[in-house]
Amino acid sequence: MSEPEERRGRRGRRGGSRGSGENGGVTEVKAGRLPRVRASELVGRGWLNTGGRDVTLADLRGKVVVLDFWTFCCINCLHVLDEMRELEAEFSDVLVVIGVHSPKFVHEADPVALAAAVERYEVHHPVLDDPQLHTWQAYAARAWPTLVVIDPEGYVVAQMAGEGHRHNLEVLVRELVAEHNAKGTLHRGSGPYVPPQATPGTLRFPAKAVALPNGHLLVADAGHHSLAELEADGETLVRRIGAGERGLVDGGPDEARFSEPNGLCLVPDELRPWLGYDVLVADTVNHALRGVRLDDGTVTTVAGTGEQLMVGASDNVSAELGGGTGAGFAGPARAVRLSSPWDVAWSQEWGAFVVAMAGNHTLWAFDDKEGSIAHVGGTMNEGLLDGPLPEAWFAQPSGLAVGPDRRIWLADSETSALRVVTPTHATIGDGTVRTVVGEGLFDFGHRDGRADEARLQHPLGVAVLPDGSVAVADTYNGAVRRYVPSRTDDEPGEVTTIATGLAEPSGLVVLGEGADAVLLVVESAAHRVTRVPLTGVVDATVDGGSHRTQRPVTDLAPRVRLDVVFTPATGQKYDDRFGPSTRLQVSSTPPTLLLEGAGDDVPFERTLVLDPAVGEGVLHVTAHAASCDDDPAVEYPACHLNAQDWGVPVRVTADGDAALTLPLHG
C-alpha cells in the first residue's frame with residue numbers, strides 16, 4: 001500500500017495504488033557516481049525486540065543494514081516481512097534488518113497495538129517505533145513500504161519502494177559483503193535482536209471463525225498457523241488441524257501446515273460429495289486456498305501455486321497458459337498464482353466462492369466443480385471507485401458476507417469502507433459495487449449517524465444479521481458497528497455502535513435466529529472468541545470524530561521535472577522483448593492541479609506543469625520497469641517486474657523545488 005489519495009466522483013472514487021514494486025532490480029550508489037551520504041540516526045519513541053535497549057547506527061557499524069519502513073495495516077508491508085525472513089536466515093551473521101514503524105492509522109500509533117503486531121507477524125528483528133515520522137522524513141520515505149540499504153561503514157547505498165525486492169536485495173547484500181570483507185570493515189556475529197516472550201493460550205491472534213454443523217466452532221488460529229475446533233462455548237479445544245508451524249503441506253491434521261490462515265467458509269451440502277472437503281480456507285501467507293475434510297481433518301490445496309501473484313508480471317500462471325491479469329482472466333485453479341486471499345464466502349447467485357484477494361485489491365471467483373478460478377472485480381489499483389466490478393477499485397478487501405438477497409457485503413479495510421456487490425445475473429463475476437460507508441484511503445474515524453458521513457477505521461470483518469442489517473468488525477476502533485440500509489439505494493443508511501472495548505475484532509459469526517441470535521466476535525488481539533447478544537442491545541451513537549492521515553507535504557514550483565530513478569540489478573538488463581521496458585503514468589487529485597504532464601507514456605522523465613491557482617493536492621505516479629537476467633547462456637532467463645505507485649501530497653509555491661525524484665530503485 002503506497003500512499004495515494006483519491007480521484008473522486010460523487011459516489012465513485014479513485015484512490016491510490018497497489019503500493020507494491022514487483023520483482024525489482026537494484027540501483028547502487030557507487031563511489032564516484034554520486035556523493036556518499038551518511039545514514040541519518042534512528043530516532044523514535046522507543047524500540048521493540050531489543051531487550052529494552054536503544055539501538056544506534058554506531059551499534060550497527062560493520063553490518064549490512066536494511067531499514068524497512070512499514071505500517072502494520074499494509075498488506076504490501078506484510079509481504080516484505082515475508083521476503084525479509086528469507087534474507088535474515090541466509091545472512092544471519094552479516095545482515096541486520098531494522099523495522100521502522102511509521103503508522104498510517106491512529107490505532108497503529110498505539111505502542112501496545114504495535115507490540116501486538118510485531119508478535120502477530122513474527123517480526124524477528126528490532127523495530128523502531130516512529131509515530132511522529134521523524135526517521136521516515138529523515139530518509140525521505142514517500143511510500144509504505146520503503147527499503148533503505150546502509151553499508152557497513154554507515155553510508156546509504158540504495159533506496160527502493162514497494163515489495164518484490166527479495167532477489168535483488170540478495171544480490172546487493174552479497175556484493176556489499178564481498179566488498180567490505182575484503183576491506184576489513186565487515187564484522188560477523190549476532191545482531192541486536194532479542195526475542196520477546198511468546199503468548200501462551202489455546203488461540204493466538206485468531207482471525208475468523210465459522211459455525212460447524214455439529215454446533216462446534218472452527219477458528220482460523222493465525223498465530224498458531226492452524227485451525228482450532230472449539231466446543232460451542234468458544235473456549236474448549238476439541239482438536240487442532242495443522243501442525244502449528246508455517247508451511248504449505250497437505251495431509252492429515254498432524255502433518256498439514258498453514259501460514260496465517262484467515263477466512264473460512266462452509267461448502268454447500270450439495271457440493272461436498274463432488275469436492276471432497278467441507279470447509280474452504282483462505283491460507284493468506286501461502287497465497288492459496290485449502291480444502292478441509294472434517295471427518296478426518298485432511299487438508300488439500302485446491303487453488304494457488306503457493307507463490308504470490310505479482311501485478312503485471314509475465315509468469316503469474318503456468319507456461320502453457322500464457323501471462324495475463326485483469327478482470328475476466330481465468331485459469332485452472334492450481335495453476336494460477338494468488339495474492340494474500342483474506343476471506344472467502346459462497347455466492348449462490350454465481351455458483352462459486354467469492355475470494356477477497358487483499359494482496360492485489362481484487363475479488364475473485366473460485367468454481368472448484370469446474371476446477372477454475374477467475375479474477376472478476378477490481379483493476380488492481382488501490383482505492384475507492386464504484387461501478388461495474390471489472391472497473392472498480394478496492395483496497396485490501398478483508399471481509400465477506402452474503403445476505404439472503406444474495407448481495408455480497410465487503411469490508412474494504414484500507415479505505416475504512418463498507419461496500420456491497422450486487423450480482424446482476426448468474427454469470428460469474430457480473431455485478432456492480434457501491435460504497436455505503438467510507439470516503440477513501442486516508443479518511444477514517446469512529447463516527448455514527450448518516451452512513452455517508454459515518455467513519456470506520458480499518459474494518460476486517462462483516463456479517464449479515466437476522467433483521468437484514470449488517471454488522472462490521474471495526475477492527476482499529478475496537479468496536480462492532482451496525483449498518484441499517486435505507487429503503488432505497490438513493491438514500492444513505494444509518495450507522496450505530498453495538499459493542500466497544502474489543503481488542504482488534506476481525507471476524508464475526510451469527511448464531512441462531514430471532515430473539516435467540518447472538519454474534520460471535522473473534523477478538524484477535526485478545527486471543528479469544530466473545531459473545532455479543534443481539535436482543536436487548538441498545539445501539540449507541542458515537543461521535544469520536546473523523547481523521548485524515550497526515551504526511552509531509554512537498555513544496556513544488558509551478559514547473560517541475562519528474563524523474564523516476566531505476567537501474568537494473570547487477571547481472572540484469574532492461575527487458576524489451578515484449579515491448580517498451582518502462583511505463584510512467586501520472587495524474588492528480590484534483591485533476592485540475594495538473595495543467596500539463598498527465599497521462600501514460602514510456603520515458604521515466606517528464607515535465608509537469610502545476611496550477612498555482614489550485615494550490616495543493618496529490619500527485620499520483622505509477623512506474624513499471626521490466627528487467628531480466630543478462631546471461632546469453634541461459635535460454636529462458638528469469639524476468640522481473642519493478643512496479644510502484646506513489647501518492648505525493650504537494651503544495652505549489654513560487655520558490656518550491658523544480659524537481660521531484662522518486663526512487664523505484666535508486
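Trainee: Buried means under 20% relative accessible area. Going by that, how many of the residues of strand β20 are buried?

Mentor: This is a predicted model, so read everything here as computed from it. Strand β20 covers residues 352-357, and six of its six residues fall under the 20% limit. β20 is therefore largely enclosed by the rest of the structure.

Trainee: How many bridges pair it with β19?

Mentor: Six bridges, with β19 and β20 antiparallel. Within that pairing, Trp346 is opposite Phe353 in β20. The two strands make a hairpin with four residues between them. In that turn, Gly351 has a positive phi of about 65°.

Trainee: And how many bridges link β20 to β21?

Mentor: β20 and β21 (residues 362-367) run antiparallel and are joined by five bridges. Val355 faces Trp364 of β21 across that pairing. β20 and β21 also form a hairpin with four residues between them. The turn residue with a positive phi there is His361, at about 60°.

Trainee: Switching to open space. What's the volume of the second largest pocket?

Mentor: About 890 Å³. Its lining has 32 residues, and those nearest the centre are Val210, Leu400, Ala401, Val402 and Val510.

Trainee: Which element gives the most to that pocket's lining?

Mentor: β19, the partner of β20 in the hairpin, gives the most to the lining of this pocket, with five residues. Strands that each supply at least two lining residues include β10 (209-211), β14 (261-266) and β34 (505-511). β24 (397-402) and β30 (461-464) are also among them.

Trainee: How do the lining residues of that pocket divide by type?

Mentor: The lining of the second largest pocket has 21 nonpolar, seven polar and four charged residues.

Trainee: What about closed spaces? How many cavities of 30 Å³ or more does the search find?

Mentor: Six, over the whole structure. The largest cavity has a volume of about 310 Å³. Its lining counts 27 residues, with Arg120, Tyr121, Asn262, Trp342 and Leu460 nearest the centre. Helices α1 (75-90) and α2 (111-120) are the elements that give two or more residues to that lining. α2 gives the most, with four.

Trainee: What mix of residue types lines the largest cavity?

Mentor: The lining of the largest cavity has 15 nonpolar residues, nine polar and three charged.

Trainee: And the second largest cavity, which residues line it?

Mentor: Space there is about 60 Å³. Ile75, Leu78, His79, Asp82, Glu260, Thr284, Val285, His287, Ser340 and Trp342 make up the lining. α1 gives the most, with four residues. By type, the lining divides into four nonpolar, four polar and two charged residues. Trp342 is in this lining and is also one of the residues nearest the centre of the largest cavity.

Trainee: Back to strands. β24 came up at the pocket. What's the strand order of its sheet?

Mentor: β23-β27-β26-β25-β24, an open sheet of five strands with antiparallel pairing. The edges are β23 (387-388) and β24. Each edge strand has a single partner, so one side of each is left without a neighbour in the sheet.

Trainee: How many bridges join β25 to β26 in there?

Mentor: Five, between β25 (residues 408-412) and β26 (residues 417-423), which run antiparallel. In that pair, Trp409 is set opposite Val420 in β26.

Trainee: I was also looking at Thr435. Which strand is it in, and which side chain does it contact at 2.7 Å?

Mentor: Thr435 is in strand β27 (residues 431-437). At 2.7 Å, its side chain makes a polar contact with the side chain of Asp386. A polar contact of 3.1 Å also joins it to the side chain of Arg419.

Trainee: Is Thr435 buried or exposed?

Mentor: Its relative accessible area is 1%, so Thr435 is buried under the 20% limit.

Trainee: Last one. β30 also lines the pocket. What order do the strands of its sheet take?

Mentor: That open sheet of five strands is ordered β29-β33-β32-β31-β30, with antiparallel pairing. β29 (449-450) and β30 are the edge strands, and each pairs on one side only. Four bridges connect β30 to β31 (residues 470-474) in the antiparallel sense. Val464 has Val470 in β31 as its bridge partner.

How values were computed:
Residues numbered from 1 in each chain as written. Predicted model: local features only at pLDDT ≥ 70, side-chain atom pairs only at ≥ 80, totals over all residues. Heavy atoms only, no water. 1 Å grid on protein atoms, 1.4 Å probe; cavity = no way out; pocket = protein on both sides within 12 Å on 5 of 7 lines; lining within 4 Å. Points joined across faces, edges and corners; volume = space filled by probe spheres on them. Nonpolar A, V, L, I, M, F, W, Y, C, P; charged D, E, K, R; others polar. Buried < 20%, exposed > 50% of the residue type's maximum accessible area, 1.4 Å probe, protein only. Polar contact = N/O pair within 3.5 Å; in protein donor to acceptor, adjacent residues only side chain to side chain. Pairing = 2+ DSSP bridges.
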